[in-house]
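Okay, thanks for squeezing me in, everyone. I'll put the structure up and then walk you through a few spots in it.

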Amino acid sequence: MAVPGFEPGSFGFIVLFVVAQCAHGDLSYSVQEELKRGSVIGNIAKDLGVAKDLGLEPKMLHTRKARIDSDGTGRQYCDINLNNGELIASDRIDREALCGHKASCVLKQELLLENPLELHRINLHILDINDNSPKFNEEIMNLEIRESAGRGARFVIEEAHDADVGQNSVQQYSLRKNDHFVLMAEGNTIELVLDKELDREKQNEVDLLLTAYDGGSPQRSGTVVIHVTVLDANDNAPVFSQDLYKASLPENSPLDTVVIKVSATDADEGVNGDVSYDFSHVTEDVRKVFSIDPKSGEIKVTDNIDYETMTSYELRVKAKDGLGLSSYANVIIAVTDVNDNSPVVSLKSLTNPVPENVSPGTEVGIINVQDRDSDNNKQVRCFIQQSVPFKLVPSIKNYYSLVTTGQLDREVVSDYNITITATDEGSPPLSSSKSVHLSVADINDNPPVFEEQSYSAYVTENNRPGSSLCSVTARDPDWRQNGTVVYSLLPGEVNGAQVSSYLSVNGDTGVIHAVRSFDYEQWRSFKVQVMARDNGSPPLSSNVSVSVFISDVNDNSPQILYPTPEGNSFMTELVPKAAHGGSLVSKVIAVDADSGQNAWLSYHIVKSTDPGLFTIGLHSGEIRTQRDISESDSMKQNLIVAVKDNGQPSLSATCSMHLLISDNLAEVPELKDISYDDKNSKLTWYLIIALVCVSTFFLTFIIIILGVRFCRRRKPRMLFDGAVAIPSAYLPHNYADVDGTGTLRSTYNYDAYLTTGSRTSDFKFVSSYNDNTLPADQTLRKSPSDFADVFGDSDGSPESEHIP
């Protein structure tokens, strides 16, 4: 124990080490107690290096996970500096607390190294320092002596106690000078010797001062006052039956168990011969464990006896008679061990988690088993209960290595709860268990796997860009980033364009979106490749094909090829007057860009001059007479024909059909009205607008040229030597050709004739220069004279000039 005001540094400290040349490479150091925390005890790396076969370097301490462990004491008093290999004090070392009055105090520590497992014992021999002063059991010691005591009478005094050992313990006593007593000390026996007889009538009390000194440096001391009371008579002190008593006691003995009985007798009679017993100079811990009956001298158990805490007790018993004379005897109680401690399983090292690709026989943990009992009670067997791919391999002393016995697969078993059981050899045997949770670390050994071998997506045309088509899903049994799947489209082309311009895939969810709107009429299906890749290192991936099928919607109206939807007035059909019922008059030709039922066309007459005269084939588009032509029928017949598809909703287109019931053109007086109806007046407007635009452009160009010439002050010249060539290919947009292109081809050419000085346009219908023009017998032809005869002159008609 430490004394207030004591500084260990005032003594300095000595550290000695002896490298034991043994197979285990054990180390022994001699160190003084009360070292400051952080003080260097020795250098383990260098000291172990004395044995060439060990060859431990400081840089290897980190790699081999060097650490200091206690040898079953449960408390660690030193530690190792992994940077330089120095062994340093990590806790207060008190020799008196550790070893008491034992002459030798050895603190056992262990150096543990892994990869491979090595165990080196470190024996710390704790050297005592003089940190405790001698101490008497009482501050005042009472002694009663009869005045009849003669010179030379001896009186035993209880000695002082010093927690230190060796030279630092009590070495000498000193009695302050007085008239009656001198001091005699032999070993642990301290006696007062009467040097001058006492006289109660002169002095009935005497106070003496006794000082005890230790042999430490600096020297420490303790004092006690001896108060002597002079009595009339009593010459005999109690005498024990034996100077040393011995007894054995099993640990865990019940309370009030009688350990031993001491006995002392006194030759005096009466009250002077009554002897009482008590402990003399024992610690408080001993007083808690044992008690002594003051009358009978029986020593009993008053607290738990634990062999692992204290293997033996040494007691000093005092016998005192009724008038104060006393004597002393020693009692040694040996504690015997019973199997009352179960083995303790400690996990000293564990590689957690363990990679799933470790090879069988790999060490993943170090287990230590301690049993505080002794002899057979301390022998331990250790094993694993479950059927797991691990086993315990005995290593050094009470250490076991936990090693793998087979291949691990995290995808099959990701965690192991290993129960390690230790059983001792006691009777009855005791056992204990410890569960070790071991996780298996994932290795990226599994590529993503799609749930299906191929995927199909169906989308209707005219879809909205960004709409989802389908989703692909891939599973990866690996963990965390190794099992995180990212989706992407593999580069490729669809109809000459990059696949990314058609589709996109969500990298996290695998949902495939349309980038553009699809048109069934352009393409009906295509195929792409989707890749699923994990985030492992290196990453693993797999591919799957996705077929996209585009379904048709009714988004195209029927297109009428003949006649044009607006119906040119010049495309007029002649119906002979002698036509019978069912005669073919004309035919409406139409197509639909859609497919399936969306392209099934039906023809209907929605309006006619005479509803009962003509009919049209529902699916053929052929216009036929329903009955014979009669004289009462109107010569001019107009039909509006609607063409409908079979889609939902249905789309339609209309056209006008002009029919003339006549055998020749001379019988048609209303032809002029047909030629110049309101619908065909659009051509005149187009021509007027074109003429105005060309004239404006020409005038602007002339003004600019004149301005330039004027600025240059040059003589103006004629701007043009020749006539301006006007393009002849300008045609209105509402003219449609018969072959389905939608515009009148430039190869459709007609000759125009004008009479000199006439304000009326005369037309001559001739054959087209194009092969697709209808035959001459199905077109309306008339010479300029015929037009003049039928319609007469018209002042409002535009003039035309024939250009050869």
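**Asn368, a sheet and the cysteines**

Let's start with Asn368: setting aside neighbours within four places in sequence, Asn368 is in contact with Val344, Val345, Ser346, Lys348, Asn398 and Tyr399. Before I go on, keep in mind that this is a predicted model.

So where does Asn368 sit? Asn368 is in strand S27, which covers residues 363-370. Is Asn368 buried or exposed? With a relative accessible area of 2%, Asn368 is buried, because the cut-off for that is under 20%. And from that list of contacts, pick out Asn398: its side chain makes a polar contact with the side chain of Asn368, at 3.2 Å.

Next, a sheet. This one is open, with 4 strands in the order S26-S32-S31-S28 and mixed pairing. At the edges you've got S26 (354-355) and S28 (380-384), each pairing on one side only. S28 runs antiparallel to S31, residues 415-424, and 5 bridges join the two. If you want one pair to click on, take Phe383, whose bridge partner in S31 is Thr421.

Now, cysteines. How many disulfides does the structure hold? Just the 1, and it's formed by Cys99 and Cys105, with their sulfur atoms 1.9 Å apart. The torsion about that S-S bond is about 65°, so the disulfide is right-handed. Cys99 counts as buried at 14% relative accessibility, and Cys105 does too, at 4%.

Two other cysteines to look at: Cys655 is buried, with a relative accessible area of 1%, whereas Cys693 is partly exposed, at 48%.

That's my tour, so over to you.

Terms used. Residues are numbered from 1 along each chain as its sequence is written. This is a predicted model: local features need pLDDT of at least 70, side-chain atom pairs count only at pLDDT 80 or more; totals for chains, interfaces and linings use all residues. Side-chain values use heavy atoms; hydrogens and water are left out. Two strands pair if DSSP finds at least two bridges between them. Buried means under 20% relative accessible area, exposed over 50%, partly exposed in between (1.4 Å probe, protein chains only). A polar contact is a pair of N or O atoms within 3.5 Å; within protein, one must be able to donate a hydrogen and the other to accept it, and residues adjacent in sequence count only if both atoms are side-chain atoms. Contact means heavy atoms within 4.5 Å. A disulfide is a pair of cysteine sulfur atoms within 2.5 Å.
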